[in-house]
Amino acid sequence: MTRPFRFAVNMLTPGSAAEWREKCRRAESLGYDVILVPDHLGMPAPFPSLVAAAEATERPRLGTFVLNAGLWNPALLAREVATTDQLTGGRLELGLGAGYVKEEHDRAGLPFGSPRERVDHLEHTVDELTRLLGDPEHVPQPVRAPRPPLLLGGNGKRMLRLAARHADIAAFTGATTNDSGALELMSPALMEERMAVYHGFAAGRETPAELNYLVQIVSVCADRRAAVRKLGEKVKLTEDELLGHPALLVGSVKDIADQVRGHRERFGFTYFTVLEASMEAFAPVMEELRA
């Protein structure tokens, strides 16, 4: 059976306690299923932000999107995860990734390492969290045994294998990291290839993972091609590739709803995350999709 859609907003901007509570209440009132917080220096600290979001809301799940495993010690992270799951009433979704921003590691005084080393550390972190949080004698205990739902994000072959083996939610950005560390969109055709690789690794799973996609731009407008043409000046994809890319949702509300349905059909994505700047623009699309 096809999974129902879920929609999340990734909150990027710090603010006062009152501003934060108001943003989270607004996300809930607009119908978002999940409120997410990233793990980047200069953005809100994930765990206290999620606890505050839980106090301001009743319904949405609350998640990290995604924690940079290289910034965390697994034992200390297990304590944070279990405590946050308790304080949010079991609403936590734990998102983890290998990290890709070298400058943040430099600022934190932590080694960045090679891609292999970063994925090694992520895999070690996943194994340790599973062991620690699954231990009935671990204090504190998470609300849900053996741990909160796990989201793993990435596109590389090892990351896809790791997500296929461990993740309850597999998250995709449809982008690769260039030599300077910046993200570049891959073509929809290449995305299909990466999804096929993931599904090959996940073929033996008893319960398929939920598939998440991070949308970069939501633009409600009358002329899709004109909007994409302007965006195309900054990327290496063709106009038609951009029109078919899940990172860019462009057009009328009905157009965008049709695009989301099409991405579910083509790629299998049922859980879509938008950035905070698109929170209001995407709300009518959610209504259209749920009608």
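1. Let's start with Phe 272: in this predicted model its relative accessibility is 0%, so Phe 272 counts as buried, given that the cut-off for buried is under 20%. The ring partner to look at is Phe 5, which is buried as well, with a relative accessible area of 14%. The structure holds nine aromatic pairs, and in this one the ring centres of Phe 5 and Phe 272 sit 6.2 Å apart with the planes at 55°, so the pair is tilted. Phe 5 comes in the segment before strand E1 (6-10), while Phe 272 belongs to strand E13 (residues 271-275), so the contact ties together parts that are 267 residues apart in sequence.

2. Another ring pair worth a click is Phe 47 with Trp 72. Their ring centres are 5.5 Å apart and the planes meet at 85°, so this pair is edge-to-face. Helix H2 (residues 46-56) carries Phe 47, and Trp 72 is in the loop between strand E4 (67-68) and helix H3 (74-87), so the pair links parts that are 25 residues apart in sequence. Both Phe 47 and Trp 72 are buried.

3. If you colour the aromatics, look for the cluster too. Ring pairs join Phe 5, Phe 7, Phe 172, Tyr 198, Tyr 213, Phe 267, Phe 269, Phe 272 and Phe 282 into a cluster. For a distance to set beside that, the C-alpha atoms of Phe 5 and Ala 56 are separated by 24 Å, with their positions 51 residues apart along the chain.

4. Two arginines are also placed over rings. Arg 6 lies over the face of Tyr 271, at 4.3 Å from the ring centre. Arg 118 does likewise with Phe 112, at 3.9 Å from the ring centre. Arg 118 is also among the buried residues of H5, a helix that comes up again below.

5. Now the largest pocket, which has a volume of about 1100 Å³. Its lining counts 44 residues, and Gly 99, Tyr 100, Gly 154, Thr 177 and Leu 183 lie nearest its centre. Several elements each supply at least two lining residues: E4, helix H4 (102-108), helix H5 (115-133), helix H6 (157-166), strand E7 (169-172) and strand E8 (175-177). H5 gives the most, with four residues.

6. Staying with H5, how does its length hold up? At 1.5 Å a residue, its 19 residues should span 27 Å, and the end C-alpha atoms are indeed 27 Å apart, which agrees. Its buried residues are Arg 118, Val 119, Leu 122, Thr 125, Val 126, Leu 129, Leu 132 and Leu 133. These cover an arc of only 160° around the axis, which puts them on the same side of H5.

7. H10 (residues 253-267) can be read the same way. This helix has 15 residues and reaches 21 Å from first C-alpha to last, close to the 21 Å expected at 1.5 Å a residue. Buried here are Ile 256, Ala 257, Gln 259, Val 260, His 263 and Phe 267. Seen down the axis of H10, those residues fall within an arc of 155°, so they line one face of the helix. Phe 267 also turns up in the ring cluster.

8. Backbone checks next. Most residues other than glycine have a negative phi, and most peptide bonds are trans. Just after H10 comes Gly 268, whose phi is positive, near 90°. The peptide bond from Val 139 to Pro 140 is cis, with omega near 0°, and Pro 140 sits in the loop between H5 and strand E6 (150-153). A second cis peptide bond joins Ala 145 and Pro 146, with omega about -5°. Pro 146 is in the loop between H5 and E6 too.

9. Finally, is Gly 200 buried or partly exposed? At 47% relative accessibility, Gly 200 counts as partly exposed. This glycine is in helix H7 (residues 188-201). Gly 200 and Leu 160 are 40 residues apart in sequence, and their C-alpha atoms are 9.6 Å apart in space.

Methods. Residues are numbered from 1 along each chain as its sequence is written. This is a predicted model: local features need pLDDT of at least 70, side-chain atom pairs count only at pLDDT 80 or more; totals for chains, interfaces and linings use all residues. Side-chain values use heavy atoms; hydrogens and water are left out. The expected span of a helix is 1.5 Å times one less than its number of residues. Buried means under 20% relative accessible area, exposed over 50%, partly exposed in between (1.4 Å probe, protein chains only). The arc is that of the directions from the helix axis to the C-beta atoms. Rings of Phe, Tyr and Trp (its six-membered ring) pair if their centres lie within 6.5 Å; planes under 30 degrees apart count as stacked, over 60 as edge-to-face and the rest as tilted. A charge sits over a ring if NZ of Lys or CZ of Arg is within 6 Å of the ring centre and within 35 degrees of the ring normal. On a 1 Å grid over the protein atoms alone, a cavity is a set of points where a 1.4 Å probe fits but cannot get out, and a pocket is an open set with protein on both sides within 12 Å along at least five of seven lines; lining residues have an atom within 4 Å of a point. Grid points are joined across faces, edges and corners, and a volume is the space filled by probe spheres set on the points.
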